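Reader: Before I rely on the labels attached to this model, I would like to hear the reasoning behind them. Please take the terms in turn and set each value against its cut-off.

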Amino acid sequence: MVADDIFSFLSDNVLEDDSCCSCDNTTISIAIFEIYGGRIQDLLNKRNRLKVLEDGRGEVVISGLEEFEASTPEDFLALIEAGQNNRTTHATEANDESSRSHSICQVLFRDSTSRRLKAKLSLVDLAGSERGSDTKSHNRQRRTESSDINTSLLALKECIRAIDGDSRHVPYRQSKLTLILKDSFTSNYARTAMIATLAPGSLSTDHTVNTLRYADRIKEKKIGDSFTPSQRRSPVRQAKSPVRKEIVEEKVDMKEH
């Protein structure tokens, strides 16, 4: 659905000036990487190790990340599938096949001539948090993975809590996950949505309530309202004129297993 909507939008968009996005002046590229055990790995380029860097203006860059152009919805979906197939998964006590990493898919809209980044759509699939009772029979490696997942999710919750409480300091540097997602919360053009996947069983009630609590904070809070003009980042360089605000939407899919 996302692939069809993006290409349909670009096809239907009326070209008003060079800053607008349309099929005539914009190419779509995809990059997919995962955060696993504190490491960042390119899922479309032999799982090469990547580095997260922050420049003097506070903009976060994934050094070494490869982009692959998608000219049709079919190309788009094929790249997504290839990335997901390379994602780290293992059997756990709770699931036969459980995601052991956070996966980030970046859809990049670039000027066809200059390659300038006009807009970015980030699709984030978070690994679900795990209770100690769910990992008691795990080996050392699975327990370490669970600890890394829970630590990064806790860091994300702390950032959401700080934004919701109008805090002047938001601890984005507390984890690589929150640092990478920083522009979802600080860019003047960012629109962030959280899709919460909930377990229906009564044994997961605590997880369900907790997930809904943070999803509600994202829903009710206008991201950026808690920042003064001096705290906000200047408009993202690539989003000088975003693909209307429907496309510059960043989705977070929180899974609860």
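Reader: How many helices and strands does the protein chain have, and what kind of model is this?

Author: The secondary structure of the protein chain comes to seven helices and 11 strands, in a model that is predicted. Of its 257 residues, 49% count as buried, and residues 24 or more positions apart account for 65% of the contacts with a separation of 6 or more.

Reader: Why is the pairing of E67 with R110 called a salt bridge?

Author: The rule asks for a side-chain nitrogen of Lys or Arg within 4 Å of a carboxyl oxygen of Asp or Glu. For E67 and R110 the distance from N to O is 2.7 Å, and the pair therefore meets the rule. By this rule the count comes to 11 salt bridges.

Reader: What makes E67 and R110 a link between distant parts of the chain?

Author: E67 is in the loop between β4 (60–63) and β5 (68–69), whereas R110 is in strand β8 (residues 102–111), and the two are 43 residues apart.

Reader: Which of the words buried, partly exposed and exposed applies to E67, and which to R110?

Author: Buried means under 20% relative accessible area and exposed means over 50%, with partly exposed in between. E67 has a relative accessible area of 29%, so this residue is partly exposed. R110, at 15% relative accessibility, falls under the lower cut-off and therefore counts as buried.

Reader: How do you know that K120 and D183 form a salt bridge, and where do the two residues lie?

Author: Their side chains meet at 2.8 Å, N to O, which is within 4 Å, so the name applies. K120 belongs to strand β9 (residues 117–126) and D183 to helix α5 (residues 182–186), and this pair, 63 residues apart, also links distant parts of the chain. Both K120 and D183 are buried.

Reader: Why does the pair D216 and K219 count as a salt bridge at 3.8 Å?

Author: The cut-off is 4 Å, and a distance of 3.8 Å from N to O is within it, so the pair counts. D216 and K219 both lie in helix α6 (residues 205–220), three residues apart, which is about one turn of the helix. D216, at 36% relative accessibility, is between the two cut-offs and therefore partly exposed, whereas K219, at 60%, is over 50% and therefore exposed. Elsewhere, E54, R173 and K182 are joined into one network by salt bridges that share partners.

Reader: Which residues are buried in helix α1, and how do you know that they are on the same side?

Author: In α1 (residues 2–12) the buried residues are A3, I6, F7, F9 and L10. They cover an arc of only 155° around the axis, so they are on the same side of α1. The face turned away from this buried side carries the exposed residues S11 and D12.

Reader: What values describe the packing of α1 against α2, and which residues meet there?

Author: Two packed helices are described by the angle between their axes and the distance between the axes. The axes of α1 and helix α2 (residues 73–85) come within 9 Å and cross at roughly 145°, and the crossing is right-handed. On the α1 side V2, A3, D4, I6 and F7 meet P73, F76 and L77 of α2. The residues of this contact divide into seven nonpolar, no polar and one charged, and D4 is the charged one because Asp belongs to that class.

Reader: Why is S63 called partly exposed, and which residues is S63 in contact with?

Author: S63, which lies in strand β4, has 33% relative accessibility, between 20% and 50%, and so counts as partly exposed. Leaving aside neighbours within four places in sequence, S63 is in contact with L50, K51 and L53. The C-alpha atoms of S63 and K51 are separated by 5.2 Å, although the two residues are 12 apart along the chain.

Reader: What makes the phi of K46 worth noting, and where is K46 placed?

Author: Most residues other than glycine have a negative phi. Phi of K46 is near 60°, a positive value in a residue other than glycine. K46 has its place in the loop between β2 (39–42) and β3 (49–54), and at 76% relative accessibility this residue is over the 50% cut-off and therefore exposed.

Reader: What is the phi of D166, and why is D166 called partly exposed?

Author: Phi of D166 is near 60°, again a positive value in a residue other than glycine. D166 lies in the loop between α3 (140–164) and α4 (176–180), and its relative accessible area of 45% is under the 50% needed for exposed and over the 20% limit for buried, so the term is partly exposed.

Key
Residues numbered from 1 in each chain as written. Predicted model: local features only at pLDDT ≥ 70, side-chain atom pairs only at ≥ 80, totals over all residues. Heavy atoms only, no water. Helix = DSSP H or I, 4+ residues; strand = E, 2+ residues; numbered from the N terminus. Buried < 20%, exposed > 50% of the residue type's maximum accessible area, 1.4 Å probe, protein only. Arc of directions from axis to C-beta. Axes fitted to C-alpha atoms, helices over the stretch in contact; angles between N-to-C directions. Left-handed = near helix turned anticlockwise from the far one by under 90°. Contact = heavy atoms within 4.5 Å.
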